[in-house]
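This report describes one helix and the strands around it. The structure is shown first, and the text then starts from a helix cap.

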Amino acid sequence: ILFAMRKGKKASEIFNVFKPTKQLLENVTVKDKSIIDTLKCKNAIKKASKIIKKQGRILVRKSGTEHKIRIMVESNSQEATSEQSALLTDLVESIS
């Protein structure tokens, strides 16, 4: 690595392993942030995670400062990202 850098190659060329993925962030306003602890919400998160599998990731968390649930879905597929984000957003809105 040092040899390549001495020959004029940039570190970013050598370590260029970052592959951007499609990401959606949703903020859902709720009265009670503890709704993400309900069985219905946990099951929906598990279901969405199984659909995404190893092609992405899902993060659902309570906001630390606002009455909001933050939903982040990341995947190689824009369609899968949009579908799972919509599924989780709709669920949180329906039980809030």
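Ser77 caps the N-terminal end of helix H4, with a side-chain oxygen 3.3 Å from the backbone nitrogen of Glu79. A polar contact here is a pair of N or O atoms within 3.5 Å; within protein, one must be able to donate a hydrogen and the other to accept it, and residues adjacent in sequence count only if both atoms are side-chain atoms. Helices (H or I, at least four residues) and strands (E, at least two) are DSSP runs, numbered from the N terminus.

The model is predicted: local features need pLDDT of at least 70, side-chain atom pairs count only at pLDDT 80 or more, and totals for chains, interfaces and linings use all residues. Residues are numbered from 1 along each chain as its sequence is written, and side-chain values use heavy atoms, with hydrogens and water left out.

**Helix H4**

H4 covers residues 78–95, 18 in number, and spans 26 Å from first to last C-alpha, close to the 26 Å expected at 1.5 Å a residue; the expected span is 1.5 Å times one less than the number of residues. Its buried residues (under 20% relative accessible area; exposed is over 50%, partly exposed in between, with a 1.4 Å probe and protein chains only) are Ala80, Thr81, Gln84, Ser85, Leu88, Thr89, Leu91 and Val92. Seen down the helix axis, these buried residues fall within an arc of 160 degrees, so they line one face of H4; the arc is taken from the directions from the helix axis to the C-beta atoms. An α-helix has 3.6 residues a turn, so residues three or four places apart point the same way. Glu79 and Ser94, on the other side of H4, are exposed. The cover over the buried residues includes E1, helix H3 (39–52), E2 and E3.

Thr89 belongs to H4 and counts as buried at 10% relative accessibility. Its side chain reaches the backbone oxygen of Ser85 at 2.7 Å. Leaving aside neighbours within four places in sequence, Thr89 is in contact (heavy atoms within 4.5 Å) with Glu26, Val28 and Ile71.

**Strand E3 and its partners**

Seven of the eight residues of E3 (residues 68–75) are buried, so the strand is largely enclosed by the rest of the structure. Two strands pair if DSSP finds at least two bridges between them.

| Strand paired with E3 | Sense | Bridges |
|---|---|---|
| E1 (residues 22–29) | antiparallel | eight bridges |
| E2 (residues 56–62) | antiparallel | seven bridges |

Asn27 stands opposite Arg70 in E3, and Ile58 stands opposite Val73 in E3. E2 and E3 form a hairpin, with five residues between them.
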